[in-house]
Each structure stands twice: as structure tokens, then as C-alpha cells.
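I set out to record, entry by entry, what I looked up in this structure. The entries follow the order in which I turned to each part.

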Amino acid sequence: MKLFKNILDSVKPHFEAGGKLEKYYPVYDGFATFLFTPGHTAHSGAHVRDAIDLKRTMVTVIFAMIPALLFGMWNAGNLHYSALGLAESMTFMDKFLWGAIKVVPMLIVSYGVGLGVEFIFCIIKGHQIQEGFLVSGMLIPLIMPIDLPLWMLAISVIFAVVIGKEVFGGTGMNILNPALTARAFAFFAYPTYMSGDKVWINTSTDAGQSVVDGFSGATVLGDYATGGEVQYSTMDMFLGFIPGSIGETSTLMVLVGAAILLYTGIGSWKIMFSGVIGALAMGLIFNTFAEYAISPEQQAFMAVPAWQQLIMGGFAFGIVFMATDPVSAAQTERGKWIYGFLVGFFAIAIRVFNPAYPEGIMLAILFMNVMAPLIDHYVVQANINKRKKRLATVKAA
Amino acid sequence: MSEVIKIKKGVDIKLQGEAEKIYASADTPSTYALKPSDFPGIRMKLKVKEGDEVLAGDPIFFNKNRESVTFGAPVSGEIAEVVRGEKRRILEVRILADKEIRYRDYGAADPTSLSRDEVKGKILEAGMWPLIKQRPYNIIANPDRVPRDIWVSCFDSAPLAADADFVVHGQEEEFQTGIKALMQLTDGKVHLGLDGKTNPSEAFKVNGTVMHRFNGPHPAGNPGVQIHAVAPINKGETVWTVGMQEVIMLGRLFKSGKFDAQRSVVLAGAQVNKPRYHKVIVGANVKTLLEGNVADAKNRYISGNVLTGTQISSEGYLSYYDNQLTVIPEGGEDAFFGWLAPNLNRFSISRALFNWMMPNKRLNLDANMNGEERAFVVTGEYEKVFPFEIYPVQLLKSIMVKDIEAMENLGIYEVAEEDMALCEVVCTSKIPVQDTLREGLDLMLNELGD
């Protein structure tokens, strides 16, 4: 640690005002503060400060995503070998490593490209590097299909960071969740790589291998949307042995992450709880009116027990890790109830009613991101009106 | 009286170095200073020059925009130095005190037999008006107004604060006389905010006042919190706030005719060897109080408490309203992967660190920021420590964009820096909350006047 300190101190003069690399000070600062929380002390206001900072907050969210990430790696390998009929003969490690070889490059590309763009913006604007992308960089690969080409991932990341975040002023200023912006971009720009029943399981074969007969790579939601037969049990869905985006499949692993976020208080329990209530409400409405459906496929989907909707697709992952993004969610405590409820409500509505987008949670969250300032506006306005009313009663008396 | 109002939001930061309830004897400080920076929103004009002799209670400077408000000398002696900063702004007026303090006699009187104008005139004449503050803006009260109510909080809930019952002991009569004087100044009531956790001293039971008891974590002892819980301040209303020890000083004026500016100051904090109470005069130099009683280390000396106090040097002067002198370690070392470390000996209300496992441990906190300033990201954390029906982040944002109408709508009239100090402490993004609020209050004051 003394070594790092010495290295930082020795290169520091180059980055300071007048140094050769003065322009790149934000990059130096980013690395230096990553290694050492700077020891500067309070010079105005309160003399003691909470030990929490944005780095700590972000890293806690990353920890919460790790179970889903690790499971996603194993699951990708497991599905691959299942498609080839080799699931029985391969060991746990074989499957995990196969997945890791696919997923780790995606992580590297996501972080590399995303942080690169952030650095460029910070250098241009002379800002400090803020930590927001640490979470987005991990989220983006987790919500992509395993076979997405790396260059598409890179372009999606660039789009998300530039259009989703930096044009608004960077971390803390964005309207949409950057990770979902990346996914929405990829979804609409490269639909053949982002939807359908071919993209969720890698079926590339080596010499002597072949895909088993009768194999289907459709997701559970895809099956429902097209009226196909669902080939996975409820337990499979809950544990996550199903096709889907890398990190979203296992409700169990998402729940582990949710436990971390809720326990530390970093994820809003109000959003998660009301989101689940909203989804259940929509699910129950569908159950009630299933008989009026316009097609048999739709009827089958509407009749799915409301609670089962919670463990299908990306609902759990979205409501836990992305609806709770404090920047793009509602910011008032009362607003969070409304925001969460509507995210859950619309996620199920879009999923069932629109077969073109079997994954409703992405669009539901993005839509509610846009609506969140409106919700906050009315919540704050209610507070203002209360104050004005109080003034009016005092004046009248 | 018996009904206790619960303040639910807030947090008590438990620090090491709580003072024992004993008065310590230290050498009497020889120099005293008045600092214009203790009085925001006021332009000062000097009435004395270096070398002048003054008696305690003689005016040192006055408010340029309201000449009736003068600032009396806390001690008698010679004006030793006028310390000026940029643009010749006055930083300190230092007085070399006489051994035996001589007082200007303003005449003793029973406040209940005086009219409102006579009470007011006496306080103004003795240079003691700055002891009375007002909401909105948390500035010295405008003597031309009649306040809706006057509020006296009779306990301090801040970390390591002085114990009100201990301080008032022996000065019960002065306190009650002071309250009677204040009762002449309002058409409303004088409200007393009492500690609901203990059985408050008999001294605080003054006939004619309205007493409220409050129970809860800091900032339950702040007058702003108490006023909000009982009768919030509306646009156009003024409530005056007076500190408990300031009431005692006003009481002395009416009992003896003198500006006797002595107060009890608690010397506390982890770096203090023997944390005790001291009887000193407003604006005292702290050198003699600290001598031989603080750890030999890089210390931070704070006039006031760790939340709202002012950093001073080890030879600096107490600020006008402060009853507390706190000494904590300065800190300032870089922390290797500080954002990943367990940070067990630091304070946090977040469970992302592990401090919540020992809620009763007394901490030895230094002045480290523990992170860098960022944009607002985390939501809902201010709300945990801000016991007002006000949206704190939205209020701060309205100040940042200088939207006066929004500030007004969002309730800026009710809050003072001290009420939002805990928001600043817990802020993940290290936003300078108190300075920002002060900017907003100053802006409103400039636009609308007091």
C-alpha cells in the first residue's frame, strides 16, 4: 500500500496544473481515489461525517448482483450443454467455465467501453469521475442474451452512457436508467439478436457434437406469447434453470441480492414491495378476465397464476436492481410507492398484451422513469398545498 | 405539560469525551473577541477604534442597516486590535480585558412593571439585542416587529452538549426574570421546550409560559424542530428564539442593570483529558481553557458542537452564541481502499457499514469527509434525520437554482442551518447542506427583507 502511494505521488505532478498531462487529471483522480479514500477533512458545515460515500454505496449494489452473475455463468453453460445433450456428462465446473468464458469478455467490454466514454467526458468537462457506471457496467451484460456479439454490446453501452447519461450531465442527472437504455437500444437496433427463440441458448457445436432432437430455445415468456407449450416447471423458473438474459433467470439468486439491498437499506423496500403488489394486482385482474381474452394464446397467458408471473422472465431482476435505481426512480418516499406499484402493474400488462415484447419489465421501468418526475411533482405539490392551506387558516383566524 | 411530544426522526451521534458535571477552574482568559461572522446577513460598522477604553455593555459595533441594534462589549478593557480580512472586512474585534470587570450601569428594573418599549429599549441600549434571534432566516431579531411567539429551548440534544439542568442551577431567578422580560415583547406566548427524557428543573417552570416536553433523538432540542411540531411558522410570521443561557443574561440585566455576559461553557470531546464545565464570558479566548488539558496531537478545535460549530485555532475565540468547546482529532490520512474497508470506528446510519451492530458504542470521530462531493444520487436518507414535514432535497435544489418562490413554497421559513446539520452528516454525496441553506436564507433576506 506504501508502494501504491509512492507511485501515485510520483506521477501526480504530471497531472497537476502546469503538468504535461494536466488535461487527464480526472483520470488520475479517478484511480487515486479508487485506491485511497482521500483524507481531506470538513472545512465547512458539520465537522463529523458519515462513513458512507458513493463508492461504498455502488460497491454494495455490485456485491448484491454477484450471486446472479455467478449463477448466470453456470446456467449459460448448463443450457448450452443441455441443448447438445451433454448436460449429464459435464461437471459443474465445465459448465461454469464455459459460461465464464462467454460472460467475462462481455463484462470487460461493458466496463471498458463504458468507463472509457465516461473518462472522455470527464476529461472534456474537467469533472471528477463519478461512480455511477460501476453498477451499470455490471448490469448491462446481465440483461443481455448470451450470444450478443461484443461489438453490439459495445455500441449499446456507448449509446447508454452518452445519450442515456452524459447528455443530461452525468451521474445523478439522468432521466432513464442507463442499463435499460442500453438494453432498449440493442432490442430495437438488433431485434434478431435480442428476441425470438434462438438467442438465449448458445448452440454452437464443436466437432462431433450436435443439437439434440426436439430442442427449443424459447423462453417461458416466449412460449406463452406464441402459445407454445411451456417446457419448464415452476421450480425451474424459481431456481433459474431456464433460458433468458444472463443474470435474470434465477429468482432465488435475485432474492439473495434483494436481501443484501434491503438489509443495507440501499435498495428501496418501498419500490420493491409495491412493485410486487402492482404485478400481483395486474396478474389477478388478468386471472379474473381471462375468459374474455381474444385468442387462446392470450387466454392461456392471462390465466397464469398471478404469483407465477413474479418468477417468470426478468420481472424479479428488474424490480430489484433497476426499478430501485435512486436516480431514475421517484425520489420522494410517497412517490416511491406509486412508482413501484405502476412498474409492476405495467410490466405484467405489457408482457401479456403485447406478444412482440414478451419482456414487459424493461419497457415498464423505462416508461415509469419518464413518469417519475411527474409523480414527484404531485407529491411535492401536495406538501406545498398543505403549507398554503395552513397559511390560509391562520389568516382566516 | 405532562404530554410528551415524540420526535421520531433524527439520530444521536454518541461521541467520546462527555463532560463530567463539575465546574473546572482555569486561568481567566485575558482577551475577548466579537466576530461579525457570527451574525449572518448583517453589515457591521465599528463604533470604537484601537486603543479605546470600554466598559462592559458599551457598544462595539452596530448594524449599518438598523442602527438601533448595537453589539455591547462583553468585558471592560482596551480595544486591543481590529483584525481585518479581504476588502477590509472586519474579522475580529479583540478586547484586552481588565482584571476586574467594570460595567456600564443601565439600571435594574422589574420587567413586569415596564412597558414593551421600555423592555425593548433597555435590551437595545445595553447592546444585548443580538442575543435574541428570529425565524425566518435565523438572524438577529428585527426589534421593529412584534413576534407571533417567543421560543426558548431549555435543552440541547447535540453531541456532547451542556446539560441544561446543571447549567441553570443557581441561576433560577435570573432565568425567570429573563423569561418575564421576554413575555413583554410578544402578543403571543413564550414557549419553553423541555426535555421529555428527564424531569426538568423547577427553574424552567415559569407562570404564564407554555411548556412543551419533547422526547427523541437530536435535533429534538432545536427550537426549529420544536416550533414545527407545535405551531409551524407560516409565511409572514415571525417567531423569536432565545437560548437558555441568553435568557439568563437578559435576566441579569433586569436584576442588576449590567450586561454580565458570563455563560457556562462545556469543554468536551475525545481529545480533552478532563472534560468539564467552565464559567467564561462571551467571546473568550480559549487558550487558557485548553492549556494542559488536551491531547498532544493534531486536533480540531470547534467553538460549538461537532454539527454546527465553527473551527477555531487553539488560541482562537469562542463564538457569540456558543456554550460548547469541542476538541476532536483532525484526521486527514488517506485510507487505502477506504470505500471497501469495514470502517468500524466511524459513524454511519447506513447498514452498508457495520457500525449498526454496536449502536451504543461511543465513537472517537475525526473530521474526515470520508468521501468526495458528488451529485445527489441516493434518495430518502435526509428524510431519516430531518423531523420536518418539508422535502429537504427539493428545498436544497430550489436554493441551488435560486428559485425564491420554490424556496418559499417548500418551507424555507421554518428551518435554520442547525436543523439540517444532520442531513449534511449523513449525506452520501457530501453535499454542503448548511452552507447551501445559508445561501438560500441570505438570498431571501436580500430580496424580501426581515
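**Entry 1: domains of chain A**

I began with the separation of the two domains of chain A: the C-alpha centres of domain 1 and domain 2 of chain A are 36 Å apart. I note at the outset that this is a predicted model. I then looked up the contact between these domains, and I found six residues of domain 1 of chain A and seven residues of domain 2 of chain A taking part. On the domain 1 side of chain A, I recorded three nonpolar residues, one polar residue and two charged residues. For the bounds, I noted 8–35 for domain 1 of chain A, and 54–204 + 219–381 for domain 2 of chain A.

**Entry 2: overall form of chain A**

I next asked which secondary structure chain A contains. I found 17 helices and one strand in chain A. The C-alpha trace of chain A spans about 75 × 70 × 35 Å along its principal axes. I compared the radius of gyration of chain A, 23 Å, with the value near 21 Å for a compact globule of 397 residues, and I recorded that the two agree. I also looked up burial, and 50% of the 397 residues of chain A count as buried. Among contacts in chain A with a separation of 6 or more, 71% join residues 24 or more positions apart.

**Entry 3: a helix pair in chain A**

I turned to helix H4 (residues 92–125) and helix H6 (residues 150–165) of chain A, which pack at an angle of about 35 degrees with axes 9 Å apart. I noted the crossing of H4(A) and H6(A) as right-handed. Which residues make this contact? From H4(A) I listed A:Pro105, A:Met106, A:Val109, A:Ser110, A:Val113, A:Gly114, A:Val117 and A:Glu118. From H6(A) I listed A:Leu150, A:Leu153, A:Ala154, A:Val157, A:Ile158, A:Val161 and A:Val162. By class, I recorded twelve nonpolar, two polar and one charged residues in the contact of H4(A) with H6(A).

**Entry 4: chain A against chain B**

I then examined the contact between the chains, where 48 residues of chain A meet 63 residues of chain B. On the chain A side, I found that helix H2 (25–35), strand S1 (36–37), helix H3 (54–83), helix H11 (251–264) and helix H17 (360–396) each supply at least two residues. Which element gives the largest share of the chain A side? I found that H17(A) does, with seven residues. The side of chain A that touches chain B comprises 20 nonpolar, 20 polar and eight charged residues.

**Entry 5: domains of chain B**

For chain B, I noted domain 1 (4–25 + 104–256), domain 2 (332–365) and domain 3 (369–448). The C-alpha centres of domain 1 and domain 3 of chain B lie 25 Å apart. I looked up their contact and found 19 residues of domain 1 of chain B touching 17 residues of domain 3 of chain B. On the domain 1 side of chain B, H4(B) supplies the largest share, three residues. I recorded the classes on this domain 1 side of chain B as nine nonpolar, six polar and four charged.

**Entry 6: backbone exceptions in chain B**

I reminded myself that most peptide bonds are trans and that most residues other than glycine have a negative phi. I then looked for exceptions to these rules in chain B.

I found a cis peptide bond from B:Arg135 to B:Pro136, with omega near -5 degrees. B:Pro136 lies in the loop between strand S9 (132–135) and strand S10 (139–140) of chain B. B:Tyr137 is located in the loop between S9 and S10 of chain B, and its phi is positive, about 85 degrees, although B:Tyr137 is not a glycine.

I found a cis peptide bond between B:His218 and B:Pro219 as well, with omega about 10 degrees. I placed B:Pro219 in the loop between strand S13 (210–215) and helix H4 (223–230) of chain B.

I also noted B:Lys87, a residue other than glycine with a positive phi near 50 degrees. B:Lys87 is in the loop between strand S7 (77–84) and strand S8 (90–97) of chain B.

Is B:Tyr137 buried or exposed? I recorded B:Tyr137 as buried, because it has 23 C-beta neighbours inside 10 Å. I recorded B:Lys87 as exposed, because 5 other C-beta atoms lie within 10 Å.

Notes
Residues are numbered from 1 along each chain as its sequence is written. Chains are lettered from A and ligands numbered from 1 in the order in which they are written. This is a predicted model: local features need pLDDT of at least 70, side-chain atom pairs count only at pLDDT 80 or more; totals for chains, interfaces and linings use all residues. Axes are lines fitted to C-alpha atoms, for helices over the stretch in contact, and angles run from 0 to 180 degrees between N-to-C directions. Helices (H or I, at least four residues) and strands (E, at least two) are DSSP runs, numbered from the N terminus. A crossing is left-handed if the near helix is turned anticlockwise from the far one by less than a right angle, and right-handed if clockwise. Two residues are in contact if their C-beta atoms, placed from the backbone, lie within 7 Å. Ala, Val, Leu, Ile, Met, Phe, Trp, Tyr, Cys and Pro count as nonpolar, Asp, Glu, Lys and Arg as charged, and the others, Gly among them, as polar. Domain bounds come from an automatic or database domain assignment. The radius of gyration is taken over C-alpha atoms; the globule rule is 2.2 Å times the number of residues to the power 0.38. A residue is buried if 20 or more other C-beta atoms lie within 10 Å of its own, exposed if 12 or fewer, and partly exposed in between; C-beta atoms are placed from the backbone.
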